[in-house]
Amino acid sequence: MTRKQPPRILFVCLGNICRSPTAEGVSRVLAEQSGIDVLVDGAGTGAWHIGEPPDRRMQAAARSAGYDLSGLRARRSVPADFDRFDLIIAMDEENRQELERIRPAGNITPVRLLLSYGSSGRRDVPDPYYEGGFDAVLRMIEEAAGALLDEIAAGRAP
Ligand code: 4NP
């Protein structure tokens with residue numbers, strides 16, 4: 001019997017050193033804990049931090065909640081991501097618009113905002129890089145990622 005391929009999900013923010021690596025690392029752990037088969041990755045629309053590990057402040061917030069982000073490295077989102085992933089999740093509206101700019105012609109991969117899942121009532125995950133609030137961002141991402149995984153497990157996403 002052939003097994004269905006696990007859904008491939010890409011989380012995207014601006015720098016790929018705060019919000020999207022958190023979404024990636026948290027989702028990987030939550031999926032494993034719930035026995036949900038998914039492949040997750042992260043990328044940033046900007047090129048400033050390519051090759052760098054997640055911001056130390058974000059890593060510290062994640063670590064205190066039980067998530068190890070130290071092995072992740074930043075990369076930039078590219079048009080080929082639209083063919084490699086089944087669902088692309090943007091952290092804010094600006095990221096979503098940047099992704100739409102590089103979408104290959106004819107591609108129909110869904111791009112959704114992370115906070116369209118869960119019950120935060122917000123549209124965007126705030127960018128903590130200049131403003132801080134890393135613990136709040138971690139909790140926001142954790143709640144929405146859990147809700148996204150519930151949708152996947154129920155067969156309602158991607
Ligand atoms: P992120 O945060 O998009 O959540 O990774 C940022 C990280 C770096 C910069 C902006 C946002 N930056 O301008 O260098």
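This report walks through a ligand site, a salt bridge and two backbone details in one structure. Keep in mind as you look around that the model is predicted.

A good place to start is the ligand, which sits in the second largest pocket. Around the ligand you will find C13, L14, G15, N16, I17, C18 and R19, together with H49, D127, Y129 and Y130. Sorted by class, this shell holds six nonpolar, three polar and two charged residues.

Several residues of the shell place an N or O atom close to an oxygen atom of the ligand. The table lists these pairs, with the part of the residue that takes part.

| Residue | Part of the residue | Distance to a ligand oxygen atom |
|---|---|---|
| L14 | backbone N or O atom | 2.9 Å |
| N16 | backbone N or O atom | 3.2 Å |
| H49 | side-chain N or O atom | 2.7 Å |

How much of the ligand's accessible area does the protein cover? On its own, the ligand has 360 Å² of accessible area, and the protein covers 94% of it.

N16 deserves a second look. Besides its backbone contact with the ligand, N16 has a phi near 60 degrees, a positive value in a residue that is not glycine. For comparison, most residues other than glycine have a negative phi. You can find N16 in the loop between β1 (8–13) and α1.

Following the chain from that loop brings us to helix α1, which spans residues 19–34. Here the side chains of R28 and E24 form a salt bridge, with 2.9 Å from N to O. The two residues are four apart in the helix, or about one turn. Across the whole structure, a search finds 13 salt bridges.

One more backbone detail is worth a visit. A157 and P158 are joined by a cis peptide bond, with omega at about -5 degrees. Most peptide bonds, by contrast, are trans. To locate the spot, look in the segment after α6 (134–153), where P158 lies.

Definitions and conventions. Residues are numbered from 1 along each chain as its sequence is written. This is a predicted model: local features need pLDDT of at least 70, side-chain atom pairs count only at pLDDT 80 or more; totals for chains, interfaces and linings use all residues. Side-chain values use heavy atoms; hydrogens and water are left out. A residue is near a molecule or strand if one of its heavy atoms lies within 4 Å of it. A polar contact is a pair of N or O atoms within 3.5 Å; within protein, one must be able to donate a hydrogen and the other to accept it, and residues adjacent in sequence count only if both atoms are side-chain atoms. Accessible areas come from the Shrake-Rupley method with a 1.4 Å probe; for residues, only the protein chains shown count as cover. On a 1 Å grid over the protein atoms alone, a cavity is a set of points where a 1.4 Å probe fits but cannot get out, and a pocket is an open set with protein on both sides within 12 Å along at least five of seven lines; lining residues have an atom within 4 Å of a point. A molecule sits in a cavity or pocket if more than half of its atoms lie within 2 Å of its grid points. Ala, Val, Leu, Ile, Met, Phe, Trp, Tyr, Cys and Pro count as nonpolar, Asp, Glu, Lys and Arg as charged, and the others, Gly among them, as polar. A salt bridge is a side-chain nitrogen of Lys or Arg within 4 Å of a carboxyl oxygen of Asp or Glu.
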